Amino acid sequence: EDGIRDYKVTGVQTCALPIFDTLAIQRTLGGFTSSWESATPETMIVHESASITEDLPSLYHAGKAAGLSDNIIMKLSYVFQWDISFALDLRTGDAFDVMYEKIYVDGELVKEGDIVAATFINNGSTHQAVRYTDSKGRSDFYTPAGLSMRKAFIRDPVHFSYVSSGFNMSRLHPIHKRAMPHRGIDYAAKQGTPVVAAGDGKIAIRRRNDASGNYVVIQHGEQYTTKYLHLSSFARDIKPGVSVKIGRAHV
């Protein structure tokens, strides 16, 4: 038809080294011709650093000021989620460095890749992580000494806007107006935000009451339990006796 012009459709093959294939279609006197054009992307390792300040009090604010995308900021929080609570532990003067991949085709940035290495200095302690891929193609993060970054529990089970109430044994109750212990942390987040299991375990309780609303209790071995209160809903298949993995959502 009149008005049809040459055009190209670009896609990505998933393999060890991605190949960007472009389908080029051209109009000729006899109709159309097509051909595939392949381009191997160029991966560059970039480095960014930032500090927690009074004006930039969170990982998100400091990361955005340093030019990091939401994607890389989220990945950075996952790297250190076993060692740092980004809700409670950050202090003015904390700092981080991150090295990650940027993938270009013909000089144009097409996507961000993985974090390669990162350092986070939190309250005087230095946490370092390096990405390693084993012979079976499985990647994870390790300390420079070769220890896994993974621990039994992650520090924050939900991505939140802010902490509305912290752990406080002498908190003034907002309704009863007397000192009552608050043995937990309240995270303010949008309704429906996924809450994940802080560690591997089994669902012990899935219930609702007036004090806690919808709540879940997870048993971690014989010694530990974690409790998740004031949930907006329950995820499918979450019921007593069901095994859950660390990081799996249950609302």
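**Figure 1. Phe-153 and its ring partner Tyr-224 in the predicted model.** Phe-153 is partly exposed, because its relative accessibility of 28% falls between the 20% limit for buried and the 50% limit for exposed. Tyr-224, at 45% relative accessibility, is also counted as partly exposed. The two rings make an edge-to-face aromatic pair, with 5.9 Å from centre to centre and 80° between the planes. Phe-153 belongs to the loop between strand E8 (139-142) and strand E9 (162-165), while Tyr-224 is in strand E13 (residues 224-231); the pair thus links distant parts of the chain, 71 residues apart.

**Figure 2. Surroundings of Gln-81.** Gln-81 is located in the loop between H2 and E5. Its relative accessibility is 18%, so Gln-81 counts as buried. The C-alpha atoms of Gln-81 and Phe-153 are 8.8 Å apart in space, with these positions 72 residues apart in sequence. When neighbours within four places in sequence are left aside, Gln-81 contacts Ile-154 and Arg-155.

**Figure 3. Aromatic pairing of Phe-80 and Phe-120.** Five aromatic pairs are found in a search of the whole structure. In one of them, Phe-80 and Phe-120 meet edge-to-face, at 5.9 Å centre to centre and with 65° between the planes. Phe-80 lies in the loop between H2 and E5 and Phe-120 in strand E6, so this pair ties together parts that are 40 residues apart in sequence. Both Phe-80 and Phe-120 are buried. A single aromatic cluster is formed by Phe-80, Phe-86, Phe-96 and Phe-120.

**Figure 4. The largest nonpolar core.** This core has 24 residues, and those touching the most other members are Leu-59, Leu-76, Phe-80, Phe-96, Ile-115 and Phe-120. Two or more residues are given to the core by each of strand E4 (42-51), helix H1 (59-65), helix H2 (70-79), strand E5 (95-105) and strand E6 (108-122). H2 supplies the largest share, four residues. Beyond residues up to four places away in sequence, Leu-59 touches Ile-52, Ile-73, Leu-76, Ser-77, Phe-86, Leu-90, Phe-96 and Phe-120. A second core, separate from this one, has 16 residues, among them Ala-198, Leu-231, Ala-235 and Ile-238. In soluble globular proteins, nonpolar side chains tend to be buried together.

**Figure 5. The buried face of helix H2.** Ile-72, Ile-73, Leu-76, Ser-77 and Val-79 are the buried residues of H2. Viewed down the helix axis, these residues fall within an arc of 155°, so they line one face of H2. An α-helix has 3.6 residues a turn, so residues three or four places apart point the same way. The packing partners of the buried H2 residues are H1, E5, E6, E7 and E8.

**Figure 6. His-127 and its contacts.** His-127 is part of strand E7 (residues 125-133). With a relative accessible area of 18%, His-127 is buried, because that value is under the 20% limit. Residues up to four places away in sequence are not counted among its contacts, which are Phe-80, Asp-83, Ile-84, Ala-118, Thr-119, Phe-120 and Asn-122. Two of these contacts, Phe-80 and Phe-120, are the partners of the edge-to-face pair in Figure 3.

How values were computed:
Residues numbered from 1 in each chain as written. Predicted model: local features only at pLDDT ≥ 70, side-chain atom pairs only at ≥ 80, totals over all residues. Heavy atoms only, no water. Core = buried A, V, L, I, M, F, W, Y, C linked by side-chain atoms within 4.5 Å. Buried < 20%, exposed > 50% of the residue type's maximum accessible area, 1.4 Å probe, protein only. Contact = heavy atoms within 4.5 Å. Phe/Tyr/Trp six-rings, centres within 6.5 Å; stacked < 30°, edge-to-face > 60°. Arc of directions from axis to C-beta.
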